Every structure is written in structure tokens, then in C-alpha cells.
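Subject: A structure for you to look at

Hi there,

Here is the structure I promised to pass on to you. Please open it beside this email, and then read on for what turned up in it.

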Amino acid sequence: MTVKKTLAELVAIDSVSARSNLMIADYLAERCEAIGLTVKRLHYTDANGVEKTNLIALAGAAFSDNTAVELALVGHTDTVPYDPNWTDALRLTEREGKLFGRGACDTKAFIAASLTAIESIAFDTLQRPVALIFTADEEIGLIGAKRLAEIRAIHSRYAIVGEPTSLRPMRAGKGYCLAEVTIKGREGHSAYPSLGSSAVFGAARLIAAVEKIATRLETEQHAAFDPAYTTLNVGLVHGGTAKNVIPGECRFTLEWRPIPGQDPKRLLNLLEEAIDVEKRGDSAFICEVDAARADEGFETSSRSSLVTLLEDLTGNVSGTVAFGTEAAQLAELGAEAVVLGPGNIRVAHRTGEFVPVAELDTCVNILRQAIERLCCGAR
Ligand SMILES: [Zn+2]
């Protein structure tokens, strides 16, 4: 079975996050069991009642209460949705050295490469165990990986988390946080402002304060990133009902990406301070903050053996990513984690996403050598 054929079979299985991933998990379990890996499925039901599973496959160890491995190769089985007009979304198509298909880049190419790499290892040479971890629901909030971290499903010393990085090892990533902020006012006829209290004016003052928080956070720098600080965005504002009604409610969505090492709640604390200032100026100011998400970033030392090994094997110096990955959950599971995979994040999630054939093939070699260097032979 070639890596290309494996990728074609993976792409053919529709695994958009909204669907169950049991089919693709069964396929992966079968492939793993066929070469003697021990497989465990960790089922759960998602928020919409759909059956999902995280799959762990072990080589060189058995499952126990404290399953521990030297190296984990981690890939998410789900993909973002695809445009129905992209008729070849589930049919891997090769053109000019590129393989097109939904998930071809993000992240089925890495999964195909990890399967192919493990299939090339003679298990009797393994001195330390290795795991393949295939997760669910990465694209909708790292939900599968969070469950694995929560139940302490496995301990791994090192982890390579598959995401399209054009085969550059990424040793740190920012976190991802969201909060919904609701300002309550009092409706009234706009001809008589004193009858009401404008939630939009209140929100506008608070948003101006949020902009100042953004400037303040720029002074807390992490040199490995570009931009080197926690960025924030007010991406949505909804308020008011009509041109001549004093708005009774205004909501805005605040998103921020904290640098690793910074508490994701740092911004929430600054926001609370700003709200207190508003309240002191206007006793009628009512504001609720619903912190919907607070995912921490991750950082693995540039001196980590995994980082230097992958720099060696890829010929690329390590970098950092500004998008969320499952590396943070692998770090929670004890791992020095690095994000690495074939394909470019800039074409991921697009109609016509693709992975270059050459990068796919190179990735197989990198992963095979990583397994050999970390798990086979004496240390
Ligand atoms: Zn991905």
C-alpha cells in the first residue's frame, strides 16, 4: 500500500466534523491491527448527539492504567466542510505534483504518512513504545484532544502533532480564547434619551477600553512569535432594534490568542477592570461576560531532543504557529510536542486544498526516522 493510495482512501471517507468519524476510525483501526498494533477506541457523544471516537494504536506496549509511550504521532480525523460544487472533494486527484481533495492537506496527508511510516518499522526493533493517536472534532475546538487530556488517556514523552507546516517543525503556538460580552441598557423613544439607557453607547465605551487593553498587551512580548504578543479582535457587534429606539442590548464577540506562558485569563482580568471603571462612571452600566473558550498555547524548548531531531531530519529551523493545534493537549499529557506536517496551512480549509506529492513522501521518511531514532536502538 503506497502512501498516496492510503491518502486516497482516507479522502474518500467523508469525515466532516458534523458527521460521525466512526467510519474513518474503523478504517484506521483495521490498518493498525493488520500490522499488529493494539487499538483502543475512546467513544463519546458530541453536543449534537453524534457518535465520535478518539483512536489510540500502540506498538511495543499494552494498554494499562498508566499507558506511557516514548513518541506519539497525532492526527485529527475530521475535516472542515466542503462546497458541494467541489465534485472531486472526496476523490483524490493528482495534478502537477499536487494531490487535491478535502483533508488532503489538513490533515489526512499526515495520517497517511504516519501509517506508512509505522508500517515500515520492524516492531522487534522497538526498544520504547510508540503510539498513533487519531482524534475527532479538532476543527470545531480541539474537542477530541481535550477529552484525551481530561481522562489522561496516555502519557507521551514526545509528540509530533500533524498539521500542515510545509514540513517545518513548529515548537510553540499561541492559545485561542473567546468571550461573548453583553451590555444591557434600557429601551425608550430616541426623542427622549433620558427615558432610556443606550447599550450601544455603553458597548462603544467598553470597546474603546478593549482597544487600550490590546495596546497594553503589546508590551508583553514573546520574541518567537510574529506578532510577538497576544493579539485580540472584536469580530462581531450586534446591538439595537431600530433607528428610533434607544438600544436595550448590545453584544460583541471578543477573540484573543495568548502567547504561551501568559494565563489565558489575563485578558479577562483586564476586561473586568475596564468594566469596573465603566460601572464607577455609570451605576446603571450592566455587563455580562461569557468566557466561552480559554485554550492555552504551548511551547517546547528549542533545546528539546525532539525539536533538534526534527530540525535535523527536515533541514528546517523550528518556528511557531499562530493557529490553534492539539499540541497544547499533548503537552498536558506530558509531551514535548512539535507541530509538523506536509502541505501549507494557507491552502488548508479552501476549496481545492492540496498536498504536494514530494512533501507527502518526505514526511513518511521523516516520521520513520523519528520513530527509529527515538524508539529503536539504545539511547
Ligand atoms: Zn488541521
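Let's start with a pair of strands: β11 (residues 231–239) and β13 pair in the antiparallel sense over eight bridges. Strands here are DSSP runs (E, at least two residues), helices are runs of H or I with at least four, and both are numbered from the N terminus. Two strands count as paired if DSSP finds at least two bridges between them. In general, strands of a sheet pair through backbone hydrogen bonds, either parallel or antiparallel.

A word on the source before going further: this is a predicted model, where local features need pLDDT of at least 70 and side-chain atom pairs count only at pLDDT 80 or more, while totals for chains, interfaces and linings use all residues. Residues are numbered from 1 along each chain as its sequence is written, and side-chain values use heavy atoms, with hydrogens and water left out.

Back to β13 (residues 249–257), which also pairs with β9 (residues 176–184), again antiparallel and over eight bridges. Have a look at R251 in β13: T182 stands opposite R251, and R251 is the bridge partner of H238 as well.

There is also an open sheet of three strands, in the order β4-β5-β18, with antiparallel pairing. β4 (93–95) and β18 (354–356) stand at the edges with a single partner strand each, so one side of each has no neighbour in the sheet. From one strand to the next, the twist averages 25° (angles run from 0 to 180 degrees between N-to-C directions, with axes as lines fitted to C-alpha atoms). β5 and β18 are joined over three bridges, and K98 has P356 in β18 as its bridge partner.

Now for the metal. Which residues coordinate the zinc ion? They are H76 (NE2), D106 (OD) and E163, the last listed with two OE donors, at 1.8 to 2.5 Å. Donors are N, O and S atoms within 2.8 Å of the metal (3.2 Å for Na, K and Ca), and water is not among the atoms, so sites may look incomplete. H76 lies in strand β3 (residues 68–76) and D106 in the loop between β5 (98–100) and α3 (108–119), 30 residues apart. H76 counts as buried because its relative accessibility is 0%, and D106 is buried too, at 2%. Buried means under 20% relative accessible area, exposed over 50%, partly exposed in between (1.4 Å probe, protein chains only).

Finally, helix α3 is mostly covered, with eleven of its twelve residues buried, including F110 and L115.

Enjoy exploring!
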